Amino acid sequence: MSGELEQILLQLTQPDNAIIQQATAQLKLAFKDPAIIPALCAVMTGSQNSQIRQSAAVMLRMRVKKHWKKISPDHRESLKAVVLQAFQQETEHTVRHSLSQLSAVMVKHETPDRWPALFTLLNQSTKSNNPMDRQVGLLLLSKVVESNPEPFKPHYRQLLQLFGTVLRDLDNPTAMYYSILTLTAMTAYTGTEEMNLMRSLIPTLIIALRHLIKADQDQASEAMEVFDELMESEVSIMVPHITEIVHFCLEVSADTTLTDSLRVKALSCIAFLIRLKSKTVLKQKLLNPILQTVFPVLSAAPPPGEEDPEDEENSNEDDTDNESPKHFAAQVIDTMALHMPPEKLFHQLMPLTQACLASDNPYERKAGLMCLAVLAEGCADHIRTKMLSSMLQTVCQSLSDSNQVVRSAGLFALGQFSEHLQPEVSKYCAELMPLLLGYMSALNQAKIGHVTKAFYALENFLENLGSEIEPYLPTLMETMLSALSNAENLKLKELAVSAIGAIANAAKEKLVPYFLPVIESLKGFLTDTRDEMRSLQTQALDTLSVLARTIGKEVFSPLAAECVQLGLNLTNAIDDPDLRRCTYSLFSAVSTVSPDCLNPHLTAITTIMLLSLKSTEGVTAHLEEDKTFVLLDDDDDDEAQGDTILDEEGTDNVDPDIAGFSVENAYIDEKEDTCDALGEIAFNTGAAFQPFLESSFQQVYELRDFPHEDVRRAAFVAMGQFCRAQHKVWQENPTEADHQALQKLLGVVLPSFLEAVHSERERQVVMGVLEAMNAVLKACQGEALQSPGRLQEISQAIRDVLKKRAEYDAMLQEFAGEGIPLLASAVPAETFQPYLNELLPLIMNKAKLSYTVADRSFSVGTLGEILQSLVNVSGGRACAGKLSNQLLPVLVAGVRDSDSEVRNNSVFALGALAQAAGPLVARDYPMMLSLFSNLLSKEQDRRVIDNLCAALCRMIMSNMEGVPLEQVFPALLAHLPLKEDMEENKTVYSCLAMLYSQKPALVLSQIKPIVSASSHVLGTKDLDTETQNTLVMLLRDVAQRHSKEFEVAMKSLPAEQKMKLTGAVSQS
């Protein structure tokens, strides 16, 4: 048979399609015969043609990989012998490579202990005196260990000793390369006993890499991944050598003669080290050397006649695969901002940045601005509180720079500031809006690439303006509507549509006058099926979703059903991941306005959405060599079912030729947005979604370990939404079946959240998980803590995040801290007390003056929320009483803080303490009252004043006897109406109502200021319905029983307020 087989394989290499097809058919037939295995073995060892020997090896590998169990035991044994014999006699590298891959697949099935001859060969060859034999042995070793590292564990010590020798053989770079690949594969499985050996290898490894770079930069670039693996699994191995590693990486990063991919590897290794070991980097004084290398990379001019990718006219904004050293240099600074204390970083970074900004070279000025831009996220609090106006001034000046490259960088920085430095940056509205509107007026002259950046800055700034946008609305909408109807350029229309979404986010119902012309334009775009309309359509769907959420129910509801239909028509007509993703987001926006519109279509909607989650479209496996033979592998038998990427047994069976997966961004975004939308639709449609809940949950649950972090985050968030949806259904209709379904769901979801908090590396994912867990705790309360040990596990997870992960990470800290008051509200105080005792020191510690403003504000804010939670749980009063001695000193110091937000949160927390502990803190009332009265006399910040009023009200309601009302009550009324913290109106007017029922004379004596304050808030959004009713009842009662006093009080009001009050009181 082997003769015919060789003939067929030869035909497959012919450049003639007809011959290839005929040979393929013959080959498929031959594969049905069990004798195919010995025949392929014979060709693999006997053919004179190296291409055919390689083909035979590849086919054997395919066969072994899919059908090892079907190969007879005799054939297996002979195959084990033949492959090693072939390997020893083979002279061609490509064939040897295929043979080593065949061995690697066999090692998956035939562990090394059942294949002693493999060990003998590896031992002989890797220790041979002949350098070529050693190199070939190391090739085989790297492939079999990569394929199945675990069974080799008993030999790791011996292997590490071998590498110690090989890595010193500097004349044989290829041997070094294979050793480093094997080391990379072993790293994740090494135990403590190999640690010291591995640690001692690091200096040798660095020297070896230096030599490998000279010999073969591509191999060196791949070998550099050993550092990533070491950091991922055992960063402690690197710590003693961190200085040498950083200096080596800096050398590589700075060397412009090397390939981009090598320099990028070195820079990303530095970023990774900063992320994991920022303290060590600072302690070893490595910050300055890193900055001295990174800045020249960041400010390098592109080669003559070229531009940086982001400055090219047709550059795509979403193109984030910018794998250039410059891009990664910015990421190093970004990582520093996220993981180092801002004071230490700015001290060394700012002089370099300022030198760049003052330079004559435009690319240096650009680098200075890029540096400011990437600091905005990680150092947000530091910049907001200490440097915002000077940094904004710099950026505004750059917008009139003579060079467009610099202006573009300025716009990018402004967009980043708008995104990360809220709310302070919005206060510069009067300075920034004219600059941005000036840019908009010259839309048609400028290059579209540059206009895109102007829109990016404008949108990010507008998004958070809120009602401040009002004076600019006419100009903005005129510009956008004119672009929609007149612009020739589709990209410009798309930018305008996107900007309308941002305007709607700020203007909300104030956009109603422009609603019809906008909707008409959007509908026009959505019914046009030409291909070039695609990205404009995606944007139109996005903006439609924003309008659904912002313009107001009454305005949007009449359109809801039509929007759902438009979306379904589009997904049926056009196969495009971006379009699907935006359609799903539209469905979820509609579910917030009128969920009933979705009910009739839920079957259709969930079907396409689940297909988007399941689809492996856009996932490309990178094959290591050209696989002409994949087409032979679709054997027509029953086993070749299942996905090409995930075999039946799950993900472990990834093909050894697949060097990795890459997923196109559009498909990642599609999966992410599908998860987000499914969760929201499930929650908003409630009982109607029940038939689809289980299948949706299954699909989403499988994505929790998807390779891309955005998809993992979205999957966790959706899992939390499903729990809340099930809880809502059970609450609306409490059946035992729904209760069991809820407990079953919580029993899967909460453990997977906790697992992610412990093992997930990406902070964005951890934040998403914590946020989702908080939402579940808030909705389900005690139901979420039914399972034994659950309360302890969640408390422990919060503790771990606060202790280990959130050191310089204010956002992570915030999400973890939010969980504590939620746990406190969910169970009786005595149940939570032991866990609270462990968590409180971690929170209180951050209130010290040596911590940042953000930390102090977080600390007292969290304490306030915890005390507020204790107000309504059983045993809460006793618990708050016990804590008061510990908490009072911290909160009193906070009331005297120099920062208004810290003062505000401390005042709130003291009020909450009084409310929770009541008479138990009666002895502290005099001290608290004097502290408050002192502050009230000199406080400038309106929010703090509002919170002072509310805190006094809480003290009165909780322990009236402890407050000298004759002095306190008039002082309190003098500061009404509240100006900023409107939520506290509820507290203030509840207190008034209580006082009126218990001390009516006191209230009557102050009826004039009470009536005046009421006239400002009645009938406005500043009061919720319940508080409105309480206040109206009180005023009505006063008007009836004490009409004379009431009349007098009314007289002093302006006419308009008088009418409003009279109307409210007389309505029955």
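Me: Let's start with one residue: is Met955 buried or exposed?

Reply: Those words depend on relative accessible area: buried means under 20%, exposed means over 50%, and partly exposed covers what lies in between, using a 1.4 Å probe and protein chains only. Met955 comes out at 0%, so it counts as buried. Before we go on, this is a predicted model, in which local features need pLDDT of at least 70 and side-chain atom pairs count only at pLDDT 80 or more, while totals for chains, interfaces and linings use all residues. Residues are numbered from 1 along each chain as its sequence is written, and side-chain values use heavy atoms, with hydrogens and water left out.

Me: Which helix holds Met955?

Reply: Helices here are DSSP runs of H or I with at least four residues, strands are E runs of at least two, and the numbering starts from the N terminus. Met955 belongs to helix α43, which spans residues 942-958. You can also look across to Ala917: its C-alpha atom and that of Met955 are separated by 9.9 Å, though the two residues are 38 apart along the chain.

Me: What does UniProt list for residues 887-925?

Reply: Take record labels with some care: UniProt positions are given in the numbering used here, feature names are shortened, and annotations may be inferred rather than shown by experiment. For residues 887-925, the unreviewed UniProt entry gives "repeat: HEAT". In the model, that stretch is 72% helix and 0% strand, with its end C-alpha atoms 14 Å apart. The unreviewed entry also has "domain: Importin N-terminal" on residues 23-89. There the chain is 81% helix and 0% strand, and the end C-alpha atoms are 29 Å apart.

Me: How do I read salt bridges, and what does the count come to?

Reply: The general idea is that side chains of opposite charge can pair when their charged atoms come close. The rule used here asks for a side-chain nitrogen of Lys or Arg within 4 Å of a carboxyl oxygen of Asp or Glu. By that rule the count is 43 salt bridges.

Me: With which residue does Arg53 form a salt bridge?

Reply: The partner of Arg53 is Glu90, and the closest N and O atoms are 2.8 Å apart. Arg53 sits in helix α4 (50-67) and Glu90 in the loop between α5 (73-89) and α6 (93-109), so the pair ties together parts that are 37 residues apart in sequence. Arg53 is buried at 10% relative accessible area, and Glu90 is buried at 7%.

Me: Where do Lys80 and Glu77 lie?

Reply: Both are in helix α5, 3 residues apart, which is about one turn of the helix. Their side chains meet in a salt bridge at 3.2 Å, N to O. Lys80 is buried, with 5% relative accessible area, whereas Glu77 is partly exposed at 46%. For another mixed pair, try Arg580 and Asp575, whose salt bridge has an N to O distance of 2.6 Å. Arg580 is buried at 13%, while Asp575 counts as exposed at 60%.

Me: Which residues are linked in a network of salt bridges?

Reply: Have a look at Asp308, Glu310, Asp311, Lys326 and Lys366, which are linked in one.

Me: What about charges without a partner: which residues form a negative surface patch?

Reply: Lys and Arg count as positive, Asp and Glu as negative, and His and the chain ends are not counted. Patches use residues with over 30% relative accessible area and no salt bridge; like charges are joined within 9 Å, and nonpolar side chains (Val, Leu, Ile, Met, Phe, Trp, Tyr) within 5 Å. Each charge is placed at NZ of Lys, CZ of Arg, CG of Asp or CD of Glu, and the areas come from the Shrake-Rupley method with a 1.4 Å probe, where for residues only the protein chains shown count as cover. The negative patch here is made by Glu771, Glu814, Glu818, Glu865 and Glu901. Of these, Glu865 lies in helix α39 (853-870) and is partly exposed at 41%.

Me: Now the backbone: where is Pro423?

Reply: Pro423 is in the loop between α21 (404-420) and α22 (429-441). The peptide bond leading to Pro423 from Gln422 is cis, with omega near -5°. Another cis bond joins Leu976 and Pro977, with omega about -5°, and Pro977 is in the loop between α44 (965-973) and α45 (985-998).
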